Amino acid sequence: MPAKPATNLGYIPPDGGWGWAVVFASFISIGFAYAFPKSLTIYYKEIQEYFSISYSQIAWVSSVMLASMYAAGPVSSILVNRYGSRPVVMVGGFMVSFAMVLASFGTTIIHLYLCVGVIGGFGLAFNLQPALTIIGTYFHVKRPLANGLAMTGSPVVLFTLAPLNQFLFDSFGWRGSFRILGAIVLNCCVAGSLMRPVNKKVQVQLKSEPHESDGEGEVRKDDRQAFEVQNQSDEKSCVRRFIDVSLFKHRGFMIYLVGNVVMFFGLFAPIVFLAPYAKHLGVDEYSAAFLLSIFALVDMFVRPATGFIGNMKGIRPRIQYLFSFSVIYNGVCHLLCPLATGYVGLVVYAVFFGMAFGMVCSLLFEVLMDLVGAHRFSSAVGLVTIIECGPVLLGPPISGALVDIFGEYKYMYYACGVLMLVPGIFFFIMHYFNYKRLDAEQRQQQSVEMRTCEEAVHLKMNQEEGRR
């Protein structure tokens, strides 16, 4: 187990206890937030025929829902900073439930865009950010493991909802299924009730501890610095309390943001087009759908395993390198995918892609928290998600346009591979220099502290000699 990393939260996180109940609640909230839009695709064909619309029009339902979830990030962050995670998650669960019930009475596709896409997307945002934020208040030493377990909710919920939606669809049609799903998603309200605020027992640490890898090179001396920051003017603290725009001057945050914007253009499209690509190669519908089940099953086990690896003593101090590797690994998988000409090859691709995708998703928010610290994470994730909503919304349609232009899927996979490979290399290079800069800043800070200590000793000796 690695040595305890530094914290300037003003208290020592419990790293266990009720925190594991919070991880379970986050498991449910994050699971619905990420899996719910993907699981609705089972109803697309009947809705498409009912409204007499094209496939591209119906596909925008999930895209709008995901984009709304990311765009509502800052709003969710503001509410979490103001009211805490528990009420925000409960309101989010109710919003998604209300959106699904209201959509079941829809008479046009625009109705579904507004209900499922916008209202439901905002509700999912109120489930995602609070769940990610509260883990950082309960865990520090075991935070990578806790994040990995919580992020496992996405493949588990997707693996569960896929057959359930098929059963509901066969039994009740899409309208009745939407109403039942509206009741099921109320479990997010139950999960929110478990997110009890952490008991912040303030314990001032007198010893200097190792720094977190934030891009400004802020060396964590002791918790008294946290109190000095908290006692600044009300005007500055009011702004930072909601949206910390100073993060755009944060070196590590900008590295993360630039790389992620490019990465998200190619992150989701390979999942969306995996089954259609298999059918294009002559694979039957059920076998093509089973590829997604294989992908989700592998993803399910890789996420907690990655969290465990990230928490290891030799990995935790340089966890950004593990994330960089996982992004590059994704890119390589996509570049090699067109070599799979048969079903066995596609199964192998689904396995390796599930591993790569699980690694990225397990570390995606952990590395951000490692860069900016838990105390600024809520604002950071809000800013990141609203900027990423563009790539999330446009990535799959642009990839689909490549298929329409060339008439083959391989060029789409090549493009997604490059869009993952380039930011992965970018992360490796930039974090190498960022770590060197942080080490230099730490040594400089220690040198200043030593000189200050020596001057204080000399001054005290001179004062004693003067009294004699």
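A residue counts as buried when its relative accessible area is under 20%, as exposed when that area is over 50%, and as partly exposed in between. Keep that in mind for this predicted model.

Q: What makes helix H1 largely enclosed by the rest of the structure?
A: Count its buried residues: 16 of the 21 residues of H1 are buried, so the rest of the structure largely encloses this helix.

Q: How do you know that the length of H1 agrees with what a helix should span?
A: H1 covers residues 19–39, and at 1.5 Å a residue its 21 residues should span 30 Å. Its end C-alpha atoms are 29 Å apart, so the two values agree. There's a kink in H1 too: about 30°, at Ala-33, shortly before the proline Pro-37.

Q: Why is Asp-15 called buried?
A: Asp-15 has 11% relative accessibility, and the cut-off for buried is under 20%, so Asp-15 counts as buried. You'll find Asp-15 in the segment before H1.

Q: What is the sign of phi in Asp-15?
A: It's positive: phi of Asp-15 is near 55°, and this residue is not a glycine. For background, most residues other than glycine have a negative phi.

Q: Why is the pair Arg-143 and Glu-366 called a salt bridge?
A: The rule asks for a side-chain nitrogen of Lys or Arg within 4 Å of a carboxyl oxygen of Asp or Glu. The side chains of Arg-143 and Glu-366 meet at 3.2 Å, N to O, so the pair passes the 4 Å test. Arg-143 sits in helix H7 and Glu-366 in helix H17, so the bridge ties together parts that are 223 residues apart in sequence. Both Arg-143 and Glu-366 are buried.

Q: What makes Asn-147 and Glu-366 a polar contact?
A: Their side chains come to 2.7 Å, and the limit for such a contact is 3.5 Å. Asn-147 is in helix H7. With a relative accessible area of 3%, Asn-147 is buried.

Q: Why is Arg-251 called partly exposed, and is Glu-441 buried or exposed?
A: Arg-251 has a relative accessible area of 22%, which lies between the 20% and 50% cut-offs, so "partly exposed" fits. Glu-441, at 16% relative accessibility, counts as buried. The two side chains meet in a salt bridge of 3.7 Å, N to O. This pair links distant parts of the chain, with Arg-251 in helix H12 and Glu-441 in helix H19, 190 residues apart.

Q: What makes Lys-410 and Glu-408 a salt bridge?
A: Their closest N and O atoms are 3.8 Å apart, and the limit is 4 Å. Lys-410 is partly exposed at 29% relative accessible area, and Glu-408 is partly exposed at 33%. Elsewhere, salt bridges that share partners join Arg-251, Arg-437 and Glu-441 into one network.

Q: How do you know that His-250 is buried?
A: His-250 has 0% relative accessibility, so it counts as buried. His-250 belongs to the loop between helix H11 and helix H12, and its side chain reaches the backbone nitrogen of Phe-253 at 3.1 Å.

Q: Why is Phe-428 called partly exposed?
A: Its relative accessible area is 31%, and partly exposed lies between 20% and 50%. Phe-428 is in helix H19. Phe-428 also helps make a nonpolar surface patch of about 650 Å², along with residues including Phe-325 and Ile-425. Helix H19 gives the most to that patch, with six residues.

How values were computed:
Residues numbered from 1 in each chain as written. Predicted model: local features only at pLDDT ≥ 70, side-chain atom pairs only at ≥ 80, totals over all residues. Heavy atoms only, no water. Patch = residues over 30% accessible without salt bridge, like charges linked within 9 Å, V, L, I, M, F, W, Y side chains within 5 Å. Areas by Shrake-Rupley, 256 points an atom, 1.4 Å probe, with all protein chains shown as cover. Helix = DSSP H or I, 4+ residues; strand = E, 2+ residues; numbered from the N terminus. Buried < 20%, exposed > 50% of the residue type's maximum accessible area, 1.4 Å probe, protein only. Expected span 1.5 Å × (residues − 1). Bend = angle between axes of the 7 residues up to and from the residue. Polar contact = N/O pair within 3.5 Å; in protein donor to acceptor, adjacent residues only side chain to side chain.
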